[in-house]
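Q: Could we take a close look at the charged side chains here, please? I would like to go through them one part at a time.

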Amino acid sequence: MPEDTAVNFILAGRLLGGVGAANAAIGFAYVAKAVSHDKQTQTNSLLSMMRIIGMASGPGANVFLSKIDFKVGSFQVDALNSVGLVLICINLFAMACIYFMLEEPKPYLEQQESFASEISLQSTTPDRLDVLKALFTPKILVPMLSIFALNMNFQIIETAFAPAASHALGWGPVQTSLVLGAISVIIFINMMIVFQLSARKVSDESLVIFGLVVAMIGYTSIYLFWEIDASVWHFIVPIVMGTSCFPFLGAPSRSVFTKQVDSDHALDAYHGTMQALLSMAASVGGFIAPSFVAYYCLRQPEEVEASSDGRELTEWSLVLPLLSFCALLGMIYIRLRQKTEEKQATEDVENAAEDTANEPSVPASEQTGLLENKLETQAKRCRGRRLDARAQSNRRLSACMMGISQPTLIGEDEK
């Protein structure tokens, strides 16, 4: 095959791979629709852990594939095309598992009908103006800003670490690759921590707030400590702090976003679109950050040597922790507002109970009001996900096929 044709095929493959990566939004939309709120962070963390395991095991598979060299008829299988063949087989297997084992949740309208049997819920389709008004609210924009800041911050490590370490420490590709490879281990460990904290009912908002604080400290330290002739630890410690915040911002921010979408009637019917919009915010951050870091944040070696502070980065790099600070303020606002609403809901329940106790006994009739009418606002805000038994069984089975244990807790169904 001519060299130009081979390169064009590689570019086409990368393009198709990027298009196929959009299915992540569909996966998160399924989680938003099929998993209860209190388990979404754990589920999203498991999905992210599987991605990290794949990223870590992929390069290791090249050790075995590099020795492959045989023919199937006239088709030559070698170290160059065996990688693509393995990917084809893995994707076909994943497609088969999803098609046969992963049953779709109930359609949105059917869910609305089931909810309406327990609470009064408007089933009218909201107009576009209501959707736009709901979209541009802090409860939706703040999680998007958190995801955007997460990807922006990560790019300062990917883009600036290698040239900065090369100039300040004299490191080559081997040393920088070891450090960057260890990042996946740090992220995996912190994902396990987030999973356990979420299982112990730590709120998603608290996890995000902690992650934003760590991100602010870590990326401010990168600006302050990455200096010429600095020690190795001045480079390593800020990177460890900066990467440790990723699991606290990724899955919890998406869970916060999902709960806010689910609580808004105007957006509840557009979970797939909203999850795609959140993924797009993350992609935009990862797309514009490398150019921003390269042109505005990273200093050239002669600029570092001529500067009085000897820092490898300019003051523009402080824009990245500033984004985390803005997201932190927004998340604190959401948290405080959430506590206020919970307090108000509790007072409404207590007042409703007192009013009911003080009402004189009246024989029931067709005009008698239902006791639950005064609790409609709280019920709408706290409504859960409903799946039939087959969907739950198939979801558990598909998770078990991926090696994720699915323990059955006694009394869980009754709850």
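Which residues gather in a patch of negative charge on the surface?

A: Happy to help! This is a predicted model, where local features need pLDDT of at least 70, side-chain atom pairs count only at pLDDT 80 or more, and totals for chains, interfaces and linings use all residues. Residues are numbered from 1 along each chain as its sequence is written, and side-chain values use heavy atoms, leaving out hydrogens and water.

The negative patch on the surface brings together E347, D348, E350 and E354. Patch members have over 30% relative accessible area and no salt bridge, with like charges joined within 9 Å; accessible areas are Shrake-Rupley values with a 1.4 Å probe. Asp and Glu count as negative, each charge being placed at CG of Asp or CD of Glu. E350 lies in helix α14, residues 319-358 (helices are DSSP runs of H or I, at least four residues). With a relative accessible area of 45%, E350 is partly exposed, a label that falls between buried (under 20%) and exposed (over 50%).

Helix α14 also holds R337 and E341, four residues apart, about one turn of the helix. Their side chains meet in a salt bridge at 3.5 Å, N to O; the term needs a side-chain nitrogen of Lys or Arg within 4 Å of a carboxyl oxygen of Asp or Glu. Both partners are partly exposed, R337 at 45% and E341 at 34%. Elsewhere, salt bridges with shared partners join D204, E205, K259 and R335 into one network. By this rule, the count is seven salt bridges.

Technical notes: Patches are made of residues with over 30% relative accessible area and no salt bridge: like charges are joined within 9 Å, nonpolar side chains (Val, Leu, Ile, Met, Phe, Trp, Tyr) within 5 Å. Helices (H or I, at least four residues) and strands (E, at least two) are DSSP runs, numbered from the N terminus. Buried means under 20% relative accessible area, exposed over 50%, partly exposed in between (1.4 Å probe, protein chains only).
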